[in-house]
Structure formats: C-alpha cells, structure tokens
Amino acid sequence: MKYAEWNGRRFEAENGQDRLLEKLYTTRMGRILLKPLTGRMVSRLGGKLLDTSISRIAIRPFVRANGIVMEDYRKTKYRSYNDFFTRQIKPEKRPFSKEPCDLISPCDGKVSVYSISEHTNFKIKHTWYSVRSLLRNPKLAARYKGGTCVVFRLTVDDYHRYCYVDDGHKGKNHAVPGVFHTVHPVANDFVPVFKENSRVYTTLYTEHFGPVVQVEVGALMVGRIHNYHGECDIRKGMEKGRFEFGGSTIILLLQKDRVNLDSRLWENTLDGYETKVKMGETIGTALGGTGIKK
C-alpha cells in the first residue's frame with residue numbers, strides 16, 4: 001500500500017492483513033474460501049467469539065504486532081477482545097480545532113478524495129461506484145452532484161471510534177444490509193465491495209458545511225456498527241459511534257462549493273497515495289452557507 005503523511009513523507013508498507021487479503025482475493029482458492037467467510041452467519045459467530053472472555057488472549061500479541069501505545073488510552077480492565085478493540089482514547093490524544101470553519105476528520109484512517117461528476121460516479125481504488133448505488137436513494141444522491149466524496153479507510157491498528165465533524169442537527173439513521181466483504185482496496189478488483197457491504201448513513205445538517213452525508217461501512221468480521229444517536233442536535237468532536245473488530249470505512253459526501261479540502265489530499269490521491277490522518281485533524285475549511293434543518 002502507498003501512504004502519505006502531512007509532512008510530505010511518502011512510503012509503501014505492507015502488513016499481515018494486506019498479505020492475507022491479497023491471497024484471499026487474488027487466488028482461486030482464496031475466493032472459494034471467501035464465499036462462506038463473507039456470510040452473515042460467520043460474521044455473527046466471529047463477533048460472538050470476540051465478545052467472550054477467552055478472546056482476551058489475543059490482546060497482548062495484537063498490541064505488540066501493531067505497536068499500539070496503550071498509555072494513550074483510558075486505563076481499564078478489558079472483558080473481551082472486542083472490549084479492547086473499541087477502547088476509548090484519552091481526549092488529549094485526539095484534539096480538534098475549535099475554529100468553526102475548520103472541517104475535521106471524523107476518524108483515524110487513510111484518506112482518498114474524489115470529485116462527484118455529473119453522472120455521480122467516483123472511483124475507489126480501481127473500481128467505479130456511484131453515490132446512488134452507495135445510498136440506494138436517488139433523490140438524496142442527486143443533491144451531491146458536482147460535490148466531493150471523502151473516503152477514510154480504517155485498518156485494524158487505527159482507533160475505531162468516530163465523531164461528528166461540526167455542530168448541527170443529525171437526521172435519522174438509514175441501514176443498508178449487505179454481505180460482509182473486506183473494504184481493503186485489493187478486494188475491489190474482484191467484488192463490488194460497497195455494493196455488498198452492510199452500511200449505515202445519515203445526513204448531518206451542519207452549521208458550516210451544509211448537509212453532509214456520513215456513511216459507515218462494515219467489513220469482514222464486523223457484525224456491528226454502533227451509532228449512539230437517533231435524530232438529535234450534535235456538537236463538533238462529540239463521539240458518534242464505533243466499529244467492532246476488522247477494517248472499516250467512513251465516507252463523507254460534501255455538496256458543491258461548501259468545503260475547500262486541503263490540497264495535499266487531492267495531490268496524494270491523484271498520485272495513488274492514501275493520506276494518513278487522525279480523528280480531529282483539520283482536512284479542509286468551509287466556503288460559507290448553513291445546512292441546519294430540524
């Protein structure tokens with residue numbers, strides 16, 4: 001995988017997760033194994049196993065293998081691996097800008113950005129998708145024509161809680177059921193990942209960026225996407241929800257002429273690099289307007 005950091009450093013890296021997924025998705029035997037693995041029942045059973053106390057034996061090896069700095073997290077006794085995986089970070093380790101017009105990242109992750117064309121098509125790593133197929137809501141999708149799609153790909157070493165990007169009002173949660181395929185980019189050459197994955201989306205009527213659609217996408221072994229709130233008022237930086245074990249993705253859909261994204265995100269994506277960001281980091285600024293609607 002090709003990554004870029006804010007300081008301009010670019011590098012390639014591959015971990016065990018990358019290698020395993022490449023084997024599963026690029027070999028005939030791997031794709032045969034994927035069929036049962038991506039079933040809903042397997043995902044549920046895997047989730048239940050990771051909720052058991054015996055699953056705690058996997059915590060220390062995971063911490064060592066991924067270089068997790070446990071001092072950054074609130075000290076607690078974990079009841080299960082999922083309890084550890086959804087651990088809470090100390091607030092000071094994920095500060096966010098209090099400037100009203102700064103758009104913050106809703107999560108840790110690797111970012112790619114795409115313009116939504118007149119035909120509402122955008123590319124996510126070698127595969128084309130449309131806003132309409134992502135949301136299964138043609139009327140809502142049409143409102144983002146000419147806007148921007150921001151994709152945050154979370155890997156297992158990322159912090160798996162996420163927050164609201166601005167003050168405003170949150171609409172209802174809309175669940176789109178699907179098969180639990182991985183959201184790792186290597187998979188996109190062989191299966192229509194976002195058409196298959198279970199996902200939840202909502203419209204955030206924000207004070208500074210207009211109506212923003214946020215989509216949470218589950219992945220292999222992520223049986224549950226936990227969003228805490230129904231329709232309600234929200235505050236910037238307030239925790240929105242969390243993912244359980246696995247790689248996951250969050251997508252922001254921004255309307256035309258609402259946000260000026262950091263130019264480095266565009267440059268890195270154009271060159272084939274994902275930009276590494278942390279929850280709360282500023283990724284753009286508002287261009288004006290209000291999206292409040294209650």
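User: What is the relative accessible area of Tyr81, and is the residue buried or exposed?
Analyst: This is a predicted model. The relative accessible area of Tyr81 is 4%. Buried means under 20%, so Tyr81 is classed as buried.

User: How many aromatic pairs does a search of the whole structure find?
Analyst: Two rings pair if their centres lie within 6.5 Å. Searching the whole structure with that cut-off gives a count of aromatic pairs that comes to ten.

User: Which kind of aromatic pair do Tyr78 and Phe84 form?
Analyst: The ring centres of Tyr78 and Phe84 are 5.6 Å apart, and the angle between the planes is 80°. Both Tyr78 and Phe84 are buried. Planes over 60 degrees apart count as edge-to-face, so the pair of Tyr78 and Phe84 is edge-to-face.

User: Why is the pair of Tyr81 and Phe85 classed as it is, and what is the class?
Analyst: The centres of the Tyr81 and Phe85 rings lie 6.3 Å apart, with the planes at 20°. Phe85 is buried, at 2% relative accessibility. Planes under 30 degrees apart count as stacked, so the class for Tyr81 and Phe85 is stacked.

User: What separates Tyr81 and Phe85 along helix H5?
Analyst: Helix H5 covers residues 81–85, and Tyr81 and Phe85 are four residues apart in it. Because of that spacing, the separation of Tyr81 and Phe85 is about one helical turn.

User: Which residues do ring pairs link into a cluster?
Analyst: Tyr78 and Phe84 form one pair, and both of these residues belong to a cluster. Linked by ring pairs, the cluster is made up of Phe62, Tyr78, Tyr81, Phe84, Phe85 and Phe245.

User: Which residue has its charged end over the ring of Phe84?
Analyst: Phe84 is buried. The charged end over the Phe84 ring sits 4.4 Å from its centre, and the residue that supplies it is Arg87.

User: Which residue meets the side chain of Arg9 in a salt bridge?
Analyst: Arg9 lies over the face of Phe11, 4.2 Å from the ring centre, and is partly exposed at 44% relative accessible area. Its salt-bridge partner is also partly exposed, at 24%. With N and O 3.4 Å apart, that partner is Glu5.

User: In the salt bridge of Arg79 and Asp83, what is the distance between the closest N and O atoms?
Analyst: Arg79 is exposed, at 61% relative accessibility, whereas Asp83 is buried at 19%. The closest N and O atoms of Arg79 and Asp83 have a separation of 3.7 Å.

User: How many residues apart in sequence are the parts tied together by Lys110 and Asp158?
Analyst: The side chains of Lys110 and Asp158 form a salt bridge at 2.9 Å, N to O. Lys110 is in strand S4 (residues 109–115), and Asp158 is in the loop between strand S7 (148–154) and S8, so the pair ties together parts whose separation in residues is 48.

User: Which residues are joined into one network by salt bridges that share partners?
Analyst: The structure has twelve salt bridges, and the one between Lys110 and Asp158 has both of its residues buried. Where salt bridges share partners, one network results, and it joins Arg94, Asp108 and Lys278.

User: Which cysteine has the sulfur closest to that of Cys107?
Analyst: Cys107 is buried, with 0% relative accessible area. A disulfide needs two cysteine sulfurs within 2.5 Å, and the count of disulfides is zero. The closest cysteine sulfur lies 8.1 Å from that of Cys107, too far for a bond, and belongs to Cys163.

User: Which strands are the edge strands of the open sheet S8-S15-S13?
Analyst: Three strands make up this sheet, and their pairing is antiparallel. An edge strand pairs on one side only, and the strands that do so are S8 (161–163) and S13 (225–227).

User: Which residue in S15 stands opposite Tyr162?
Analyst: Strand S15 (residues 239–243) pairs with S8 in the antiparallel sense, over three bridges. Opposite Tyr162, the S15 residue is Gly241.

User: What is the approximate phi of Asp257?
Analyst: Asp257 is in the loop between strand S16 (248–254) and strand S17 (259–261). The residue is exposed, at 58% relative accessibility. Asp257 is not a glycine, yet its phi is positive, at about 60°.

Conventions:
Residues are numbered from 1 along each chain as its sequence is written. This is a predicted model: local features need pLDDT of at least 70, side-chain atom pairs count only at pLDDT 80 or more; totals for chains, interfaces and linings use all residues. Side-chain values use heavy atoms; hydrogens and water are left out. Rings of Phe, Tyr and Trp (its six-membered ring) pair if their centres lie within 6.5 Å; planes under 30 degrees apart count as stacked, over 60 as edge-to-face and the rest as tilted. Buried means under 20% relative accessible area, exposed over 50%, partly exposed in between (1.4 Å probe, protein chains only). Helices (H or I, at least four residues) and strands (E, at least two) are DSSP runs, numbered from the N terminus. A charge sits over a ring if NZ of Lys or CZ of Arg is within 6 Å of the ring centre and within 35 degrees of the ring normal. Two strands pair if DSSP finds at least two bridges between them. A salt bridge is a side-chain nitrogen of Lys or Arg within 4 Å of a carboxyl oxygen of Asp or Glu.
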